[in-house]
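Colleague: I should like to learn how to read a model of a protein with its ligand. May we go through the features one at a time?

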Amino acid sequence: MMEHVDIFIVGGGMVGTAIAARLGGSGLRIAVLEQSAPAAFDPASAPDLRVSAISPASIKLLQDIGAWQHITAMRSAPYLRMQVWEQKRADGTLFDASEIGAANLGHIVENRIVQLGCTAALAAHDNIELICPDEISQLQIGDGIIQITLQSGRCFTARLLIGADGARSRVREAAAIGLNSHEYPMHAFVATVGIRGGERDITWQRFTPHGPQSLLPLPGDYASLVWYQTAAKVRELMQLDDNALITAFRAEFPDVLPDLSHIISRGSFPLIRRHAQTYIRPGVALAGDAAHTIHPLAGQGVNLGFQDVAALCDVILAAQQQGNEIGALEVLQRYQQRRQLANHAMQRLMDLFCYGFSNDIGPLRFARNLGLKLANRSGPLKKEVIRYALGLQTPEQLFVPALHLFPAR
Ligand SMILES: Cc1cc2nc3c(=O)[nH]c(=O)nc-3n(C[C@H](O)[C@H](O)[C@H](O)COP(=O)(O)OP(=O)(O)OC[C@H]3O[C@@H](n4cnc5c(N)ncnc54)[C@H](O)[C@@H]3O)c2cc1C
């Protein structure tokens with residue numbers, strides 16, 4: 001039997017569940033498909049490997065959709081300060097939330113906990129069905145028809161299909177949307193570690209000629225270490241035993257970090273910038289990693305995804321109120337106009353950091369040092385950077401004029 005919904009969302013990760021929760025109470029009939037259920041929260045467990053720095057702008061969205069209360073009832077680690085160093089210098093730039101009167105610069109949260117929080121928020125709305133676990137067996141897009149057949153045998157038609165199914169989006173592929181991509185010459189080696197002592201309300205980031213290194217505080221006596229390195233070095237790190245890995249971290253990471261006691265888990269991620277050539281087709285929209293992936297050095301990926309959520313839902317709700325078709329191309333174009341250039345600008349900015357900082361070229365080193373010193377001293381500039389990190393300032397406002405000087409690789 002064919003079932004009909006207004007919106008069918010593929011992907012019940014952080015972005016897909018947030019879209020559905022934002023549209024809760026709209027009266028639109030919504031289905032969210034997720035292929036694998038996230039494990040339930042266990043307060044006795046050590047934090048997961050996959051974590052994200054969630055900006056205050058994203059926290060506001062998560063509060064508005066009723067997810068943040070569930071997230072904080074599980075666990076998260078607020079951070080008030082962010083220290084950035086250039087190579088071995090110890091006098092880096094400190095960004096402090098108090099400088100602009102903010103409570104914090106963000107929270108570090110496990111991805112699964114954000115997903116669980118958004119999923120819990122769905123329960124408040126009877127217009128949303130979460131279908132999990134299930135998978136697509138057939139997806140038909142074209143001639144004004146969206147038809148989704150699931151492996152369970154259920155079959156749907158929808159007015160709007162949203163692909164929130166991550167970097168390898170099946171929806172993007174089925175809609176024949178091309179991708180511009182660039183593989184960075186470094187991988188991210190990530191480890192969740194036990195820590196002793198040290199300051200807990202601060203994130204540290206240091207730029208080295210090989211790539212950045214960072215430490216993010218996690219709830220309890222834990223932290224997440226991220227080490228950007230060549231694929232060969234990351235393979236080496238993956239094979240070290242725990243004691244040798246701790247020794248390698250101690251030798252290469254700054255001394256001021258909390259002492260590392262033990263390794264909980266580790267993993268590595270190739271780094272690829274991807275940007276969908278369009279976010280929309282008639283009756284189809286992409287959001288989050290399905291539309292764009294970004295170098296994670298400044299922790300912007302899902303924060304951009306949450307900005308997509310806000311823009312896409314605004315456009316859908318406005319169309320519904322005005323009696324316009326929610327899947328019409330001219331409606332969805334308003335979403336694309338709001339997000340495509342902003343995401344592109346942030347991707348370019350990350351390239352500037354990645355390639356501008358990960359080298360030992362004299363003039364660039366001088367410019368970086370000068371930039372960090374200026375950021376440290378200049379009150380207004382520093383406040384702008386902090387506002388930017390909080391998600392209160394958008395990259396295109398600051399950097400679009402400079403994009404013409406910095407062509408895509
Ligand atoms: C090392 C690293 C560090 C990062 N740190 C940060 C950070 O600090 N801050 C930040 O903002 N971002 C960070 N990111 C990026 C962030 O993890 C991603 O942007 C985010 O996970 C994207 O969320 P999403 O919901 O769009 O996609 P995903 O998290 O990929 O979720 C997609 C969901 O769709 C489901 N799915 C996929 N295909 C199907 C299908 N066919 N049927 C049903 N379900 C399907 C999947 O199971 C999954 O649950 C980091 C990324 C990396 C690699």
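Modeller: Let us begin with the ligand, bearing in mind that this is a predicted model. An oxygen atom of the ligand is 3.2 Å from an N or O atom in the side chain of N303. Backbone atoms take part as well: a backbone N or O atom of A53 lies 2.8 Å from an oxygen atom of the ligand, and for V302 a backbone N or O atom is likewise 2.8 Å from a ligand oxygen atom.

Colleague: How much of the ligand does the protein bury?

Modeller: The ligand taken alone exposes 1,000 Å², and the protein buries 83% of that.

Colleague: Which elements give two or more residues to the shell around the ligand?

Modeller: They are α1, β3, α4 and α8. The residues around the ligand number 27, and E34, R50, A53, D289 and V302 come nearest. By class, the shell has eleven nonpolar, twelve polar and four charged residues.

Colleague: Is V302 buried or exposed?

Modeller: A residue counts as buried when its relative accessible area is under 20%. V302 has 13% relative accessibility, and therefore counts as buried. V302 lies in helix α8. Leaving out residues up to four places away in sequence, V302 touches M14, V15, S52 and I54. The C-alpha atoms of V302 and H292 are separated by 9.9 Å, the two residues being ten apart along the chain.

Colleague: How should I read a helix, and why might its buried residues line one face?

Modeller: The general idea is that an α-helix has 3.6 residues a turn, so residues three or four places apart point the same way. Now take helix α2, residues 56-64, whose buried residues are S58, I59, L61 and L62. Seen down the axis of α2, these buried residues fall within an arc of 160°, so they line one face of the helix.

Colleague: What do the buried residues of α2 pack against?

Modeller: They pack against α1 (14-22), β3 (51-54), α3 (68-74), β7 (106-110), α4 (111-122) and α8 (301-322). After α2 comes G66, whose phi is positive, near 80°.

Colleague: May we finish with a residue in a strand? Where does Q229 lie, and what is it in contact with?

Modeller: Q229 lies in strand β15, residues 222-229. Its relative accessible area is 7%, so Q229 is buried. Apart from neighbours within four places in sequence, Q229 is in contact with M186, H187, H210 and V234.

Conventions
Residues are numbered from 1 along each chain as its sequence is written. This is a predicted model: local features need pLDDT of at least 70, side-chain atom pairs count only at pLDDT 80 or more; totals for chains, interfaces and linings use all residues. Side-chain values use heavy atoms; hydrogens and water are left out. Buried means under 20% relative accessible area, exposed over 50%, partly exposed in between (1.4 Å probe, protein chains only). Helices (H or I, at least four residues) and strands (E, at least two) are DSSP runs, numbered from the N terminus. The arc is that of the directions from the helix axis to the C-beta atoms. Contact means heavy atoms within 4.5 Å. A residue is near a molecule or strand if one of its heavy atoms lies within 4 Å of it. A polar contact is a pair of N or O atoms within 3.5 Å; within protein, one must be able to donate a hydrogen and the other to accept it, and residues adjacent in sequence count only if both atoms are side-chain atoms. Accessible areas come from the Shrake-Rupley method with a 1.4 Å probe; for residues, only the protein chains shown count as cover. Ala, Val, Leu, Ile, Met, Phe, Trp, Tyr, Cys and Pro count as nonpolar, Asp, Glu, Lys and Arg as charged, and the others, Gly among them, as polar.
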